[in-house]
Each structure stands twice: as structure tokens, then as C-alpha cells.
Amino acid sequence: MHGGGPKVLGAVERALDLTPGATALTRRSLSGRGNLSSVSVLDVLDATMGDPPPAGTSGVVAAMGPGFAVELVLLRW
């Protein structure tokens, strides 16, 4: 996910009732590299591919832009 910053990530976690680890790679990317804008989702996807989920697992790539812009992609590993 590219959410822009920790405050937005926290709001998304609460709104979607996500587990604490659901955005861990996003938070790691944000703290280690800063806000990479739209490239953030590729950085997190690269980190995910280092230890991919089991085959058949579903996932979502999400990026939030200015205003109300949100892009979502449903994945299956």
C-alpha cells in the first residue's frame, strides 16, 4: 500500500480492521526510504516477493493519491 504517511496508514488499518502486520512492509518502506510516491507500491511488492505468501493467497495493492483518488489491484499469489 502507498498511503502517504503513518497517519493515513493508521486510519486505513482501523477502517479496514487490519491486523498489525498487514501494513508492516509499507511502514518499513516508508521509514527506510521515505515517501516514494506511486513507486512505493513497487517497493513494497519487491519486498513481498522476497518472502511471498503461500500459493493461492489473495492480496491487494492499494495506492492513494491526492484528494479522493484510490487505485486498487486484487492479486492472487
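Which residues of α1 are buried? The legends below take this helix first and then turn to α3, the cavity and two loop residues. The model is a predicted one, in which local features need pLDDT of at least 70 and side-chain atom pairs count only at pLDDT 80 or more, while totals for chains, interfaces and linings use all residues. Residues are numbered from 1 along each chain as its sequence is written, and side-chain values use heavy atoms, with hydrogens and water left out.

**View 1. The buried and exposed sides of α1 (6-16)**. Leu9, Gly10, Val12 and Glu13 are the buried residues here, where buried means under 20% relative accessible area, exposed over 50% and partly exposed in between, with a 1.4 Å probe and protein chains only. Because these residues cover an arc of only 165 degrees around the axis, they are on the same side of α1; the arc is that of the directions from the helix axis to the C-beta atoms. Their cover includes α2 and β1 (58-64), whereas the face of α1 turned away from the buried side carries the exposed residues Lys7, Arg14 and Ala15. Helices (H or I, at least four residues) and strands (E, at least two) are DSSP runs, numbered from the N terminus.

**View 2. The buried and exposed sides of α3 (40-50)**. Ser40, Val41, Asp43, Val44 and Thr48 are the buried residues of this helix, and they lie on the same side of α3 because they cover an arc of only 160 degrees around the axis. These buried residues pack against α2 and β1, with contact meaning heavy atoms within 4.5 Å. On the face turned away from them, α3 carries the exposed residues Leu42, Asp46 and Gly50.

**View 3. The largest cavity and its lining**. A search of the whole structure finds one cavity of 30 Å³ or more, and the largest cavity has a volume of about 70 Å³. A cavity is a set of points on a 1 Å grid over the protein atoms alone where a 1.4 Å probe fits but cannot get out, and lining residues have an atom within 4 Å of a point; grid points are joined across faces, edges and corners, and the volume is the space filled by probe spheres set on the points. Of the 12 lining residues, Met1, His2, Thr26, Leu30 and Ser40 are the closest to the centre. α2 (24-33) and α3 each supply at least two residues of the lining, and α2 gives the most, with three residues. The lining divides into four nonpolar, eight polar and no charged residues, where Ala, Val, Leu, Ile, Met, Phe, Trp, Tyr, Cys and Pro count as nonpolar, Asp, Glu, Lys and Arg as charged, and the others, Gly among them, as polar.

**View 4. Serine 40 and serine 37**. Serine 40, in helix α3, is buried, with a relative accessible area of 7%. A polar atom of its side chain lies 2.9 Å from the backbone oxygen of serine 37. Leaving aside neighbours within four places in sequence, serine 40 is in contact with His2 and Asn35. Serine 37 is found in the loop between α2 and α3, is partly exposed, with a relative accessible area of 42%, and has a positive phi near 60 degrees although it is a residue other than glycine.

**View 5. Aspartate 17, which follows α1**. Most residues other than glycine have a negative phi. Aspartate 17, not a glycine, has a positive phi of about 55 degrees. This aspartate lies in the loop between α1 and α2 and is exposed, with a relative accessible area of 69%.

Note on methods
1 Å grid on protein atoms, 1.4 Å probe; cavity = no way out; pocket = protein on both sides within 12 Å on 5 of 7 lines; lining within 4 Å. Polar contact = N/O pair within 3.5 Å; in protein donor to acceptor, adjacent residues only side chain to side chain.
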